[in-house]
Amino acid sequence: MAKRDYYDVLGIARSANEADIKKAYRKLAIQFHPDKNPDDSSAEEKFKEAAEAYEVLSDNQKRQRYDQFGHAGMGGGGGGQGYGGGMNMDDIFSQFGDIFGGFGGGGGSRSSSRRVKGSNLRIRVKLNLEEIAFGTTKKIKVFKMANADGVTYDTCSTCGGSGQIRRVQQTILGAMQTAATCHVCSGAGKSIKDRPKDADAYGQVRKEETVEIKIPAGVGEGMTLNVSGKGNAGPFGGVPGDLLVQIEEEEHTELKRDGIHLYYDLYLNFVDAAMGASIEIPLVKGKAQIKIEPGTQAGKILRLKGKGIPDVNGYGSGDLMVNINVWTPQKLSSEEKEILTKLRESENFKPNPSAKDKSFFQRVKEMFQ
C-alpha cells in the first residue's frame with residue numbers, strides 16, 4: 001500500500017544531480033517499456049512508478065518539497081494526487097517521450113492503439129486514533145463498472161485496429177498526413193462484437209465489489225491513498241482505474257493530535273501536586289503510570305518518548321506530551337476553609353519561584369524545539 005521512496009524507485013542517492021536522475025529513469029523506462037513487456041501488468045506498474053518518481057525528482061520545486069515532507073508533501077501520504085499517481089500511459093509518453101530516444105515513445109515503434117484506462121473511484125474512510133497509530137485493514141464495499149460476462153470484442157472497423165484515423169491533405173508543399181484518435185473506439189482499436197443484454201455501449205455493467213484496503217500507520221486527515229487497479233474497468237478490456245481513498249480522522253476523547261505528536265491535559269488535585277503521586281494516563285492503546293514528583297507546578301510538561309504517532313514515511317514515532325494542570329476547588333466546605341486559612345500564612349504556601357521554575361514562554365519554546 002505505502003508508496004516506495006522515489007530515490008529507491010530510481011535506484012539513486014538523495015544527492016543525485018539532474019543528469020543522474022535522467023539517466024536512471026531512462027534505464028528503467030526502457031527496461032519496463034510496454035513494447036518490451038506486452039500484456040505484462042507488473043512491468044506496466046513499474047513503468048508508471050518510475051515515471052512518477054522522475055516527474056517529481058526532475059522538478060526542483062517538487063523535489064525540494066518531497067525531500068522535506070516525503071509523499072505527504074505531494075498531495076497526500078499515499079499519494080497519487082497531482083503528482084504522477086493519476087498519469088496514464090499516454091500522459092507518460094506525451095511528457096517524457098524524448099527520454100526514450102529512438103525506442104518507441106509516441107513515434108518510434110510504439111503502436112498507435114492504446115489500452116483505454118477506466119476512470120478512478122473516490123471514497124472516504126473514517127479512522128480512529130488507534131487505527132491511525134498502528135495501521136489497519138478495511139474491507140469496503142464499492143460500486144464500480146466491470147466488463148460484463150460474455151462480452152467479446154472485434155477490430156474497430158473505423159480505424160482498422162490502429163486506434164487512429166489518418167488523413168492526407170494536399171498542400172502547396174505536397175501531401176501532408178495527419179492523424180487523430182479514432183472517435184469510435186477512443187483509440188483502443190476495438191469495438192463490441194457480442195454485447196450482453198444488460199451491458200452498456202462499452203460492454204460494461206455496474207457491480208458491487210468488496211475491496212480490502214491496507215492502511216499504513218501514520219496517515220492523517222485529508223491524505224489520499226491510491227489502491228491501484230481497483231477503480232472502474234477499462235473499456236474494451238483496457239486497464240482498470242484506481243481507487244482513491246481519502247482519510248477522515250475521528251477525534252479522540254482525551255488525546256489531541258498534532259502531526260506525529262500527541263497531547264494530553266492531566267488535572268491534578270492540590271495534594272497530589274504538592275506531595276507527589278503515581279497517576280494513570282491514557283495511551284493510544286492501553287494505559288500508563290507516570291510519577292508526579294512532589295512540588296510539581298502547574299504548566300509542567302512531561303514527555304513520553306515514542307508514545308505518539310508513527311511517521312507515515314517510516315521516520316520514527318512522535319511523543320506524548322502530558323500538560324500538568326493543578327485543579328483549584330470551586331466550592332469549599334466550612335472545614336476545608338478552616339484548614340486552608342491556617343495554611344495560608346505558612347511560609348511553604350507562599351509563591352517563591354526560583355530560577356529553575358521556567359516561565360510559560362520558556363516551556364513553550366523548549367517544547368517546539
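Lys 48 and Glu 45 both lie in helix α3 (residues 41-57), where they are 3 residues apart, about one turn of the helix. Helices here are DSSP runs of H or I with at least four residues, strands are runs of E with at least two, and both are numbered from the N terminus. The model is predicted, so local features need pLDDT of at least 70 and side-chain atom pairs count only at pLDDT 80 or more, while totals for chains, interfaces and linings use all residues. Residues are numbered from 1 along each chain as its sequence is written, and side-chain values use heavy atoms, with hydrogens and water left out.

**Salt bridges**

Lys 48 and Glu 45 form a salt bridge, defined as a side-chain nitrogen of Lys or Arg within 4 Å of a carboxyl oxygen of Asp or Glu. An α-helix has 3.6 residues a turn, so residues three or four places apart point the same way. Lys 48 is buried because its relative accessibility is 11%, whereas Glu 45 is partly exposed at 34%. Buried means under 20% relative accessible area, exposed means over 50%, and partly exposed is in between (1.4 Å probe, protein chains only).

The whole structure holds 17 salt bridges. Three of them are listed here.

| Pair | Closest N to O |
|---|---|
| Lys 48 and Glu 45 | 3.3 Å |
| Glu 248 and Arg 124 | 3.2 Å |
| Glu 209 and Lys 230 | 3.7 Å |

The side chains of Glu 248 and Arg 124 meet in a salt bridge. Glu 248 belongs to strand β9 (residues 243-249) and Arg 124 to strand β1 (residues 121-127), so this pair ties together parts that are 124 residues apart in sequence. Arg 124 is exposed, with a relative accessible area of 57%.

Glu 209 and Lys 230 also meet in a salt bridge. This pair links distant parts of the chain, 21 residues apart: Glu 209 is in strand β7 (residues 204-215), and Lys 230 is in the loop between β8 (224-227) and β9. Both count as partly exposed, Glu 209 with a relative accessible area of 27% and Lys 230 with 31%. Elsewhere, Asp 5, Arg 14 and Asp 67 are joined into one network by salt bridges that share partners.

**Helix α4**

Lys 62, Arg 63 and Tyr 66 are buried in helix α4 (residues 60-69). They lie on the same side of α4, because they cover an arc of only 100° around the axis, taken from the directions from the helix axis to the C-beta atoms. The face turned away from this buried side carries the exposed residues Asn 60, Gln 61, Gln 64 and Gln 68.

**A four-stranded sheet**

An open sheet of 4 strands runs in the order β10-β11-β15-β14, with mixed pairing; two strands pair if DSSP finds at least two bridges between them. Its edge strands, β10 (256-258) and β14 (301-304), each pair on one side only. On average, neighbouring strands of this sheet are turned by 30° against each other, direction ignored. Strand β14 runs antiparallel to β15 (residues 320-327) and is joined to it by 4 bridges. Leu 302 stands opposite Val 322 in β15.

**Nonpolar surface patch**

Phe 270, Val 271, Met 275, Leu 332, Ile 339, Leu 340, Leu 343 and Phe 349 make a nonpolar surface patch of about 720 Å². Patch residues have over 30% relative accessible area and no salt bridge, and nonpolar side chains (Val, Leu, Ile, Met, Phe, Trp, Tyr) are joined within 5 Å. Helices α7 (270-275) and α8 (334-344) each supply at least two residues of the patch. Leu 343 is placed in helix α8 and counts as partly exposed, at 31% relative accessibility.

Note on methods: Patches are made of residues with over 30% relative accessible area and no salt bridge: like charges are joined within 9 Å, nonpolar side chains (Val, Leu, Ile, Met, Phe, Trp, Tyr) within 5 Å. Accessible areas come from the Shrake-Rupley method with a 1.4 Å probe; for residues, only the protein chains shown count as cover. Axes are lines fitted to C-alpha atoms, for helices over the stretch in contact, and angles run from 0 to 180 degrees between N-to-C directions.
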